[in-house]
Amino acid sequence: MTGEGDQDGSDVVRRGRFSGGPARGFLSSLAADERIFAADLAVDRAHVVMLAERGIVGDDEAGRILTALNIVEVNGHGSLPDGEDVHAAIETAVIDEIGPVGGKMHTARSRNDEVAACIRHRLREDLLSAVEATLLLRESLVGVAEEHVETVMPGFTHLQPAQPTTVAHWALSYEQALRRDTARLLDAYGRVNRSPLGAAAFAGTTFDVDRERTADLLGFDGVIENAMDAAAARDFLAESAGALAVLATTLSGLAEDLVLFANRGYVDLSDDYSSTSSIMPQKKNPDTLELVRACAGDASAGLTGLLTTLKGLPRAYNRDLQRATPHAWRAVDAATEATEVAAGAVATATWPEGTLAAAAGEGFSTATGVADLLARHGLPFRTAHEMVAVAAERAAERTGGAAGSRAAQRAGERGADVAAVEAAAEEVLGEPLSTYVDPAAVEAALDPARSVESRDSVGGPAPEAVASQLDAAASALAADESTLADRRASLEAAADELAAEVSSYV
């Protein structure tokens, strides 16, 4: 993916003193360019059709060039002659096929705008694949949530039992994050899908080209007007890699949760997404999710590498850009594959309701609910907080353990009961608990399932609050699926139009 293809060479681009030497291999990106082989052919065809329509090349000449491009496509990337990049190699193959007239294919353009157009043409497809993967994962999470609206589970902060929640509430927390990831990818797509073709090296061209026509034929939403910006800009790569790195970070958190949950028996991962030890056959390891977790490193490394390459580059084209694009390819591949794997792991996992319910009250996780109850009955929240903390201590003492002892720890894990709260009320308030609240209400607040039911504020884990979140998730998923379908349909329509125009010349 080099640029500035205006010197003569051993291929159609380089000749004379630039034709050989040990640096030739270092300069070449031909092997890596296989990814944009199809994109280059599309860009070549659109450009040739436009040149013919504008009378810059004759119809017969255009027909011969387009026929040669068809032959190049059939023969494949592996049959291309040696060259610095796929762009020069395709042009060389066309000239080898039909003679010097093939060189007219490059009229009114530079490899600079050609390269930028090919990258954008391919990247937009990759971004839509990444979007599709996020939709699959979101669908899996919504499916889990629909099935487990009332499945109580422990919720954590600092990896410590904090408050009871539900599997649905946990799943929808990731669906909502992934919804933003989808939006970022679609936003990036909008800026990727603009055509730089016609900018030439960076200063435009003296030929009467129609930039809007090539943009339409290639399915771009418009052109990048300033020719220098069109040839030089790679911020669309950085934005895409950034969105992918954020997506991979979301995935890493999801994978980490599932790895920890599997370790504690809170979730059972399908054998298809697990493996056993090479020496310990009793083990079931969450290996795929560990790799999903690691993909955040791949994606963030791609972003860092890309930004470091782009930092401080002057306008307009610099050969450094040849090293920039592979960072984006690595980021999109890593994030997309990880998203697809995570979607499968979530969809096939099972959640042991009994185990989760038993664990939901550990660590006195309903303490906040008890404090809230006391505050609703007139006690200052900080006083209620202190009283509940004392209740936890008294529960530990009733087991015969001193503060900080293993017995106290076990009592804390089991949680306090009404008797402990009553004792704490006498100690902190100097009055019976019943002065402030019915002990039966405290007993209900201590129950994890009842605690969850009471948390019915917007976004909370109560079933009715989760129902609203499920509706929002389903609506957003449907809207994003429609957007993806529309964008793919637009690209397909442009490809069909380009094919029809090519056929009229061939």
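Asp181 and Arg184 both sit in helix H6 (residues 167–192), three residues apart, which is about one turn of the helix. Their side chains meet in a salt bridge, with an N to O distance of 3.0 Å. The model is a predicted one, and this pair is a convenient place to enter it. Asp181 has a relative accessibility of 0% and counts as buried. Arg184, at 33%, counts as partly exposed. Because buried means under 20% relative accessible area and exposed means over 50%, with partly exposed in between, the two partners of this bridge fall into separate classes.

A search of the whole structure finds 20 salt bridges. One of them joins the side chains of Glu53 and Arg213, at 2.8 Å from N to O. This pair links distant parts of the chain: Glu53 belongs to helix H2 (residues 37–53) and Arg213 to helix H7 (residues 211–217), 160 residues apart. Glu53 is partly exposed, with a relative accessibility of 38%, whereas Arg213 is buried at 17%.

Glu256 and Arg293 also meet through their side chains in a salt bridge, with an N to O distance of 2.5 Å. Here too the pair links distant parts of the chain, with Glu256 in helix H9 (residues 235–264) and Arg293 in helix H10 (residues 287–310), 37 residues apart. Glu256 has a relative accessibility of 29% and counts as partly exposed. Arg293, at 28%, also counts as partly exposed. Beyond these pairs, Arg35, Arg122, Asp126 and Asp333 are linked in a network of salt bridges.

Charge also appears on the surface without salt bridges. Glu150, Glu443, Asp447, Glu453, Asp456 and Glu464 form a negative surface patch. Of these residues, Asp447 is placed in the loop between helix H17 (439–445) and helix H18 (448–454). Its relative accessible area is 33%, so Asp447 is partly exposed. A residue needs over 30% relative accessible area and no salt bridge to be part of a patch, and Asp447 meets the area condition with its 33%.

Helix H16 (residues 418–428) shows how burial can be arranged along a helix. Its buried residues are Val418, Ala420, Val421, Ala424 and Ala425. Viewed down the axis of H16, these buried residues fall within an arc of 160°, so they line one face of the helix. After H16 comes Gly430, which has a positive phi near 75°.

Two further buried residues lie in helices and can be placed against parts of the chain remote in sequence. Val115 is in helix H5 (residues 111–147). With a relative accessible area of 1%, Val115 is buried. Its C-alpha atom is separated by 9.7 Å from that of Ala39, although the two residues are 76 residues apart along the chain. Ala465 is in helix H19 (residues 463–505). At a relative accessible area of 8%, Ala465 is buried as well. The C-alpha atoms of Ala465 and Val149 are separated by 9.9 Å, and these residues are 316 residues apart along the chain.

The backbone has a few places that call for a closer look. Most residues other than glycine have a negative phi, and most peptide bonds are trans. Which residues between S1 and S2 depart from the usual sign of phi? His158 has a positive phi of about 55° although it is not a glycine. This residue lies in the loop between strand S1 (152–157) and strand S2 (160–166). Leu159 lies in the loop between S1 and S2 too, and has a positive phi of about 65°, again without being a glycine. His158 is exposed, with a relative accessible area of 76%, and Leu159 counts as exposed at 51%.

The other backbone feature concerns a peptide bond. The bond from Arg315 to Ala316 is cis, with omega near 10°. Ala316 is found in the loop between H10 and helix H11 (321–348). H10 is also the helix that holds Arg293, the partner of Glu256 in H9.

Methods:
Residues numbered from 1 in each chain as written. Predicted model: local features only at pLDDT ≥ 70, side-chain atom pairs only at ≥ 80, totals over all residues. Heavy atoms only, no water. Patch = residues over 30% accessible without salt bridge, like charges linked within 9 Å, V, L, I, M, F, W, Y side chains within 5 Å. Areas by Shrake-Rupley, 256 points an atom, 1.4 Å probe, with all protein chains shown as cover. Salt bridge = Lys/Arg side-chain N within 4 Å of Asp/Glu carboxyl O. Lys, Arg positive; Asp, Glu negative; His and termini not counted. Charge placed at Lys NZ, Arg CZ, Asp CG, Glu CD. Helix = DSSP H or I, 4+ residues; strand = E, 2+ residues; numbered from the N terminus. Buried < 20%, exposed > 50% of the residue type's maximum accessible area, 1.4 Å probe, protein only. Arc of directions from axis to C-beta.
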